[in-house]
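Here are my notes on this model, point by point. Please read them with the structure open.

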Amino acid sequence: MTPPANDETNGVDNTISALNDSKEYKHYDYSMVNPRNYDDITKVVQSIIAQVGEDKAKSDIVQGHAGKLIFGTIHGKKVICQAGRFHPYEHKMDLALCAMPIRVMDQLGVRTLIVTNAAGGVNKSFHYGDLMLIKDQIFLPGLAGFSPLVGEHDKRYGGPRFVSMHECFDKDLRVLTKDIANRMSMRLMEGVYVMSGGPQYETPAEVRLYHAVGADALGMSTCHEVVVAKQCLMKVNHLEVIDAANKQGGKGVDLISALVKELPPPMSKQETAKLWGY
Ligand SMILES: O=P(O)(O)O[C@H]1O[C@H](CO)[C@@H](O)[C@H]1O
């Protein structure tokens, strides 16, 4: 999957019109972004209905990231999986473009999004390889004006102009995930994720800064995807692996699979809008 050279609106339209030719791509309720490598995704997806995009797993852009949308089922639920993501530092900090797949998922009906990533630990009680559930985010590029919502508000995609970021990681889904992890006897941390623009890693002084402002883990992705998902009135749940994606992939994948099995039926946009007071 290559991001289009034109703006993100055309990218969504072009992708949807290409997909709309086939009924296989219609009416998906759930979506997953970036179980980091393609093998992990194929372990979770029990039946693959269709795939679009290139497998860039061996590219040198971001090691281990494929470039595919996979349409399939997990425990009978229809799920779109985005294998690999667009990082802002790969695309001149065009955050709207990088979050474009979320708008595509929205247009295909997705109401619940599960996002994953790999991150560095800031919280000193975290161990290499731990899993963390995100309860809140600090979107540093967004604070500096690099938001995916900057620019014209395209009403065709609905959603509010001014998006509330309260409870941006759905509380009920977090409670469910913790309960499942507990039943599976899995160590699951919970904390705040901070996103920098990257791609340079952080200095020790920057880690101290992030710690001082309440961050538990840091990375260079995700927050712009969550902002767009919130504008699209999706419920979001987010899991990350502390700096050991490949070592820990199996455990995260097991948890995601168990979570999808127990996900409640998705709420409609109208229901979510009412719940969130729009
Ligand atoms: O967040 P994901 O996509 O897992 O990628 C993480 O890994 C890369 C650094 O190794 C950065 O892009 C960081 O954000």
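1. A definition comes before the ligand site. Ala, Val, Leu, Ile, Met, Phe, Trp, Tyr, Cys and Pro count as nonpolar; Asp, Glu, Lys and Arg count as charged; the others, Gly among them, count as polar. On that basis the shell around the ligand holds four nonpolar, six polar and two charged residues. Keep in mind that this is a predicted model.

2. Which residues come nearest to the ligand? Twelve residues surround the ligand, and His87, Tyr89, Tyr201, Met220 and Ser221 come nearest.

3. Next, the polar contacts of the ligand. An N or O atom in the His87 side chain sits 2.6 Å from a ligand oxygen. The backbone takes part too: a polar backbone atom of Ala118 is 2.8 Å from an oxygen atom of the ligand. For Met220, a backbone N or O atom is also placed 2.8 Å from a ligand oxygen. How much of the ligand's accessible area does the protein cover? On its own the ligand has 350 Å² of accessible area, and the protein covers 88% of this.

4. Look at Thr222. Thr222 belongs to the loop between β8 (217–219) and α8 (223–231). Is Thr222 buried or exposed? Its relative accessibility is 0%, so Thr222 counts as buried. The side chains of Thr222 and Arg85 share a polar contact of 3.5 Å. Beyond neighbours within four places in sequence, Thr222 is in contact with Arg85, Val115, Asn117, Tyr193 and His238.

5. Now the nonpolar packing. The largest nonpolar core has 43 residues; Phe71, Ile102, Met105, Leu113 and Met234 touch the most other members. Several elements each supply at least two residues of this core, among them α1 (8–19), β3 (67–74), α4 (100–107), β5 (112–121) and β9 (235–242). Which element gives the most to this core? That is α8, with five residues.

6. Met105 deserves its own entry. Residues up to four places away in sequence are not counted here. Met105 then touches Ser31, Met32, Val33, Leu69, Gln82, Val110, Leu113 and Met234. A second core, separate from the largest one, has 28 residues, including Leu173, Val253, Leu259 and Leu263.

7. Check the backbone at three places. Gly198 and Pro199 are joined by a cis peptide bond, with omega about -5 degrees. Pro199 is in the loop between β7 (188–195) and α7 (204–212). His75 is not a glycine, yet its phi is positive, about 45 degrees. The loop between β3 and β4 (77–83) holds His75. With a relative accessible area of 32%, His75 is partly exposed. Ser185, again not a glycine, has a positive phi of about 55 degrees. Ser185 lies in the loop between α6 (171–183) and β7. Ser185 counts as exposed because its relative accessibility is 67%, and the cut-off is over 50%.

8. Last, Val207. Val207 is in helix α7. Its relative accessibility is 24%, so Val207 counts as partly exposed. How far apart are Val207 and Asp13 in space? They are 40 Å apart, C-alpha to C-alpha, and 194 residues apart in sequence. With neighbours within four places in sequence left aside, the contacts of Val207 are Val122, Glu202 and Leu218.

Key: Residues numbered from 1 in each chain as written. Predicted model: local features only at pLDDT ≥ 70, side-chain atom pairs only at ≥ 80, totals over all residues. Heavy atoms only, no water. Near = heavy atom within 4 Å. Polar contact = N/O pair within 3.5 Å; in protein donor to acceptor, adjacent residues only side chain to side chain. Areas by Shrake-Rupley, 256 points an atom, 1.4 Å probe, with all protein chains shown as cover. Helix = DSSP H or I, 4+ residues; strand = E, 2+ residues; numbered from the N terminus. Buried < 20%, exposed > 50% of the residue type's maximum accessible area, 1.4 Å probe, protein only. Contact = heavy atoms within 4.5 Å. Core = buried A, V, L, I, M, F, W, Y, C linked by side-chain atoms within 4.5 Å.
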